[in-house]
Amino acid sequence: MTAKILVVDDDAPHRTMLKAVLSTEGYQVHEADDGDTACGAVEKTIFDLVLMDLRMKRMHGDAAQKKMVEISPGTPVVIMTAFGSVRSAVKALKAGAHDYITKPIDVDELKILVLKTLHHRRLEEENLNLKERLDARFDFGDIIGRSPSMRELFETLSLVAPSEATILIQGESGTGKELVANAIHHNSLRKDGPFVKVNCAALPETLLENELFGHEKGAFTGATGPKKGRFQLADRGTLLLDEIAEMAPATQAKILRVLQEGEFEPVGGTRTVRVDTRIISATNRTLEDEIAAGRFREDLYYRLNVVMIKVPPLRNRSADIPLLADYFLERYAEKNHRSLKGFLPRSMDLLLRHAWPGNVRELENVIERAVIMARGDRVGPEHFPSTLQVHDADESPREPVLASGRSLKEVEKEMILKTLEDMGGNRTRTAETLGISRRTLQLKLKAYGIN
């Protein structure tokens, strides 16, 4: 998008010269003949840069600059001053101005300064977007899983991420839908652009619309100046609309227009804003049911659902539980400065038996708690919450090891795990008791998903 520059100078010929120079460089240049006029312009329009003279008749540049910081703190102001007034320019810098340039203006110096200032502003905007991604893990390799359903997910992601397709991610709460969206963006052609997230369930309808589309000055009480919405912040990048099913019908209609035409009007405004934003939406509901109930627009559903990605619940990928448990154990042991070697066999057995209604998020919570509660070098069943320990009660009375109708493999596994538990997790003593080598024991345990 072409950068908008406001040139503020009460010297009309000088202002005209500056406009001609900057317009030739491809910038969109607006003019103001004094500080008060410039402040009014900044209230109405979002500028990428303000180039302002320090000495003016009605409102001096220093006073105007202070007011601009209040109206639009993200807009950089470059002060123009005579060589003898450099001290005043330095004072303006301390008050929030970005830089200054001395008169008479050197055209080449001006071009370099404008280019540098605009580049700095773009970096600041990217850093703001980056803050929302600090906790995110972007590579496919960071989505943990080897189960068939996860391998299928990885294959789908590798196909859709480099495309421009609009994606709908569906899955239960806690399955990692946001992590999948992060991976799509990071592996897309837009990976150098912003990745912006909005939780549609976290805001009421009026605030959500303002958050998505921004507003103009005076759109509502307290709107002292224009504000960019998330669609504009995600321009040339990706916007994640999380919990899309919670969006009100009126907002759904505006989202549909953005998807169809790539444009919208900010709240309280009439100007049309065009954006180039890729949309990823996520929901834990079945949108077909929401459509049938009259709560979701069918036309919007087809726009969002160019490609649907279903994230499997943890109960359908139990083979991944040991991998996830080990990952979270290592992560939270390091975070809490604990020295833990792993899980007792009975602990892993309880993890595998649990249904995990809260999915990966619940597993992470359970492991974090266990790390904090553990006193030895391994996590035991007693370190888990009662919701997991109840599975121990399901085992009583235990089926005898030598009961008929059981395979030799089942009996062997039960004997090994029971002996390991009796030995307090000591693998050397377990191997000696069973009359096998420690390496054979290690291989058996690995086959059981115990590292």
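User: How many disulfides does a search of the whole structure find?
Analyst: This is a predicted model, so keep in mind that everything here is computed from it. A disulfide is a covalent bond between the sulfur atoms of two cysteines. Searching the whole structure for such pairs gives a count of 0.

User: Is Cys39 buried or exposed?
Analyst: The cut-off for buried is under 20% relative accessible area. Cys39 comes in at 2% relative accessibility, so it counts as buried.

User: And what is the relative accessible area of Cys200?
Analyst: Cys200 falls on the buried side of the cut-off too. Its relative accessible area is 2%.

User: Moving to the sheet, in what order do the 5 strands run?
Analyst: The sheet is open and its pairing is parallel. Its edge strands, each pairing on one side only, are S2 (28-32) and S5 (99-103). From one strand to the next the twist averages 20 degrees. Reading across, the order is S2-S1-S3-S4-S5.

User: Which residue in S3 is the bridge partner of Ile5?
Analyst: Strand S1 covers residues 4-8 and strand S3 covers residues 49-53, and they pair in the parallel sense over 4 bridges. Within that pairing, the partner of Ile5 is Leu49.

User: Which residue in S2 does Lys4 stand opposite?
Analyst: S1 and S2 run parallel, with 5 bridges joining them. Across that pairing, Lys4 stands opposite Gln28.

User: What is the handedness of the β-α-β unit made by S1, H1 and S2?
Analyst: Helix H1 (residues 12-24) packs on the sheet and touches S1, S2, S3, S4 (77-82) and S5. Its direction makes about 170 degrees with that of S2. Together, S1, H1 and S2 form a unit that is right-handed.

User: At about what angle does helix H3 run to S3?
Analyst: H3 takes in residues 61-71 and lies across S3 and S4. Relative to S3, the helix runs at about 160 degrees.

User: Where is Pro104, and how far apart in space are Pro104 and Ala82, C-alpha to C-alpha?
Analyst: Pro104 is in the loop between S5 and helix H5 (107-131). With a relative accessible area of 77%, Pro104 is exposed. In sequence, Pro104 and Ala82 are 22 residues apart. In space, C-alpha to C-alpha, the separation is 7.2 Å.

User: With which side chain does the side chain of His215 make a polar contact?
Analyst: His215 sits in the loop between helix H8 (205-213) and helix H9 (230-233). At 7% relative accessibility it counts as buried. Beyond its neighbours within four places in sequence, its contacts include Phe220, Pro226, Lys227 and Val267. The polar contact, at 2.6 Å, is with the side chain of Asn210.

User: Which residue follows H8 with a positive phi?
Analyst: Among the buried residues of H8 are Leu208, Asn210 and Phe213. The buried residues of this helix pack against strand S7 (195-199), H9, strand S8 (238-242), helix H10 (249-261) and strand S9 (263-264). Just after the helix, phi is near 75 degrees at Gly214.

User: Why is helix H14 largely enclosed by the rest of the structure, and how many of its residues are buried?
Analyst: H14 covers residues 345-353, and its buried residues include Pro345, Arg346, Asp349 and Leu351. The helix is largely enclosed because the buried count, out of 9 residues, is 7.

Notes: Residues numbered from 1 in each chain as written. Predicted model: local features only at pLDDT ≥ 70, side-chain atom pairs only at ≥ 80, totals over all residues. Heavy atoms only, no water. Pairing = 2+ DSSP bridges. Helix = DSSP H or I, 4+ residues; strand = E, 2+ residues; numbered from the N terminus. Axes fitted to C-alpha atoms, helices over the stretch in contact; angles between N-to-C directions. Contact = heavy atoms within 4.5 Å. Disulfide = S-S within 2.5 Å. Buried < 20%, exposed > 50% of the residue type's maximum accessible area, 1.4 Å probe, protein only. Polar contact = N/O pair within 3.5 Å; in protein donor to acceptor, adjacent residues only side chain to side chain. Right-handed = clockwise from strand over helix to strand, strands pointing away.
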